[in-house]
Amino acid sequence: MSTVLGLIGVGRIGAMHAANLVAVRDGDDEHPPVDLDIALADVAVDRAQALAEALGVRAADSVDELFDERPDGVLIAVGTAQHAPLLLRALEAGIPVFCEKPVASSVAEALPVLEAAERTGVPVHIGHQRRLDPGHLEARRAFLAGELGWLHTFRAITADQAPPPVAFLATSGGLFRDCSVHDFDTLRWITGREIVEVDARGSNNGDPEIGRVGDVDTAVALVTFDDGVVGTVSATRYNGAGHDVRLELQGSAGTVQVGLDEHYAGRSAEPGVTFPTGTPWLTFHERFAEAYVAEMRAFVEMVHGERESPCTPADSVAASKVADAAQESLITGTPVRVDLA
Ligand SMILES: NC(=O)c1ccc[n+]([C@@H]2O[C@H](COP(=O)([O-])OP(=O)(O)OC[C@H]3O[C@@H](n4cnc5c(N)ncnc54)[C@H](O)[C@@H]3O)[C@@H](O)[C@H]2O)c1
């Protein structure tokens, strides 16, 4: 019998998830096909219908119709403000759910979701796709295997090639909540440490409109772990050479760097060094294409009871708390302790 999956919201990221679900359904050289029956819903009904037709899947006439069908799994890819209500609806209906990050517009709004997830025991997968990215997985493996020795320094970088529309930035919650939240999540996930303090600064030397909507185009946070180890997390909207996501973990016995491959959006200043020879990624869609497919495969496996959630709501909220502290530090210009409660 087919596994019925309902995907709500087919905008920029939802359309990509829909296509990736079809790829999981169809299988590839390494993965057998999976019997999936995929239905799409969006308040823009025409958009859902057009995409369903293009992908050869079904469209529901409404979100209510999709829930009435009682699918085996629901995926939520609507704007952030609608995450919590739809998560609660899926949890109360006992339906395993994937939801794009973040869990909610604020930590306070996420608390009922944490409570419902705990009470119902329904599995929830929050979309921090770096947890399914081969490079991040290898860095975690190397760290946990002790190959780096003890960690003394870390540097995380998220650099967009060009800013998204200012209208999006006005509602994004700021650079740390929009971009660096992924770095905060991967640092916690890889090292198993809590981030206890952040001290952030930012600048605006690009489009003045970004400053006018209350955001910065570039920022750096000094991040302190609960064992006293200190590192940096930086982000920018202006990395013309390409989309650059890197994470360097330096330890007493070894160093690894995620994102240092032939697509690296930079060059060596050393004479005679030709690395990198490839074309830089321009968007997060390209950079994490493999991870996004793996994310959909992981969700299907979670629905089938074959694996646990790669990223729980509690994991995601913990990263959001760090992002909130970084944003506060950016505004106040002083170090801010992270609320670990
Ligand atoms: N993990 C990542 O790398 C990543 C990247 C980009 C965006 N996101 C997250 O994905 C989410 C969506 O972002 P986007 O850029 O795709 O947004 P978008 O605006 O392009 O798409 C949202 C879609 O949801 C639909 N929609 C809105 N409310 C709805 C409702 N109540 N019921 C049904 N449909 C509804 C809209 O019509 C639209 O088609 C955001 O929360 C964002 O934080 C995550």
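In this predicted model, 24 residues surround the ligand. Ile13, Asp42, Arg47, Thr80 and Tyr292 come nearest among them. By class, the shell comprises 10 nonpolar, nine polar and five charged residues. Polar contacts to the ligand involve both backbone and side-chain atoms of the protein. A backbone N or O atom of Val43 lies 3.2 Å from a ligand nitrogen. A backbone N or O atom of Lys101 lies 3.0 Å from a ligand oxygen. The side chain of Tyr292 places an N or O atom 2.6 Å from an oxygen atom of the ligand. On its own, the ligand has 860 Å² of accessible area, and the protein covers 80% of that area.

Lys101 also takes part in a cis peptide bond. The bond runs from Lys101 to Pro102, with omega near -5°. Pro102 is found in the loop between β5 and α5 (107–120). A further cis bond joins Phe275 and Pro276, with omega about -5°. Pro276 lies in the loop between β12 and α10 (284–287). Backbone geometry is also notable at Arg70. Phi of Arg70 is near 50°, a positive value in a residue other than glycine. The residue sits in the loop between α3 (63–68) and β4 (73–76).

The UniProt record, an unreviewed entry, annotates residues 6–128 as "domain: Gfo/Idh/MocA-like oxidoreductase N-terminal". This span is 46% helix and 19% strand. The C-alpha atoms at the ends of residues 6–128 lie 20 Å apart. One sheet of the model is open and has six strands, in the order β3-β2-β1-β4-β5-β6. Its pairing is parallel. The edges are β3 (58–59) and β6 (124–127), each of which pairs on one side only. Within this sheet, three bridges join β4 to β5 in the parallel sense. Ile76 has Cys99 in β5 as its bridge partner.

Strand β5 also contributes to an aromatic pair. The model contains four aromatic pairs under the criterion of ring centres within 6.5 Å. One involves Phe98 and Phe299. Their ring centres are 6.0 Å apart and their planes stand at 65°, so the pair is edge-to-face. The cut-off for that class is a plane angle over 60 degrees. Phe98 belongs to strand β5 (residues 97–100), whereas Phe299 belongs to helix α11 (residues 289–303). The pair therefore ties together parts that are 201 residues apart in sequence.

A second annotation from the UniProt record, again in an unreviewed entry, is "domain: GFO/IDH/MocA-like oxidoreductase" at residues 137–256. This span is 28% helix and 36% strand. The C-alpha atoms at the ends of residues 137–256 lie 12 Å apart.

An open sheet of seven strands follows the order β12-β11-β7-β10-β9-β8-β13. Its pairing is mixed. The edge strands are β12 (255–258) and β13, and each pairs on one side only. Several neighbouring strands in this sheet can be described by their bridges. Strand β8 (residues 195–203) runs antiparallel to strand β9 (residues 218–225), and eight bridges join the two. Glu197 has Thr224 in β9 as its bridge partner. Strand β9 also pairs with strand β10 (residues 230–236), in the antiparallel sense and over seven bridges. Here Leu222 stands opposite Thr232 in β10. Strand β8 pairs with strand β13 (residues 336–337) as well, over two bridges and in the antiparallel sense. In that pairing, Val198 stands opposite Val336 of β13.

Notes
Residues are numbered from 1 along each chain as its sequence is written. This is a predicted model: local features need pLDDT of at least 70, side-chain atom pairs count only at pLDDT 80 or more; totals for chains, interfaces and linings use all residues. Side-chain values use heavy atoms; hydrogens and water are left out. Two strands pair if DSSP finds at least two bridges between them. Helices (H or I, at least four residues) and strands (E, at least two) are DSSP runs, numbered from the N terminus. A residue is near a molecule or strand if one of its heavy atoms lies within 4 Å of it. A polar contact is a pair of N or O atoms within 3.5 Å; within protein, one must be able to donate a hydrogen and the other to accept it, and residues adjacent in sequence count only if both atoms are side-chain atoms. Accessible areas come from the Shrake-Rupley method with a 1.4 Å probe; for residues, only the protein chains shown count as cover. Ala, Val, Leu, Ile, Met, Phe, Trp, Tyr, Cys and Pro count as nonpolar, Asp, Glu, Lys and Arg as charged, and the others, Gly among them, as polar. UniProt positions are given in the numbering used here, feature names are shortened, and annotations may be inferred rather than shown by experiment. Rings of Phe, Tyr and Trp (its six-membered ring) pair if their centres lie within 6.5 Å; planes under 30 degrees apart count as stacked, over 60 as edge-to-face and the rest as tilted.
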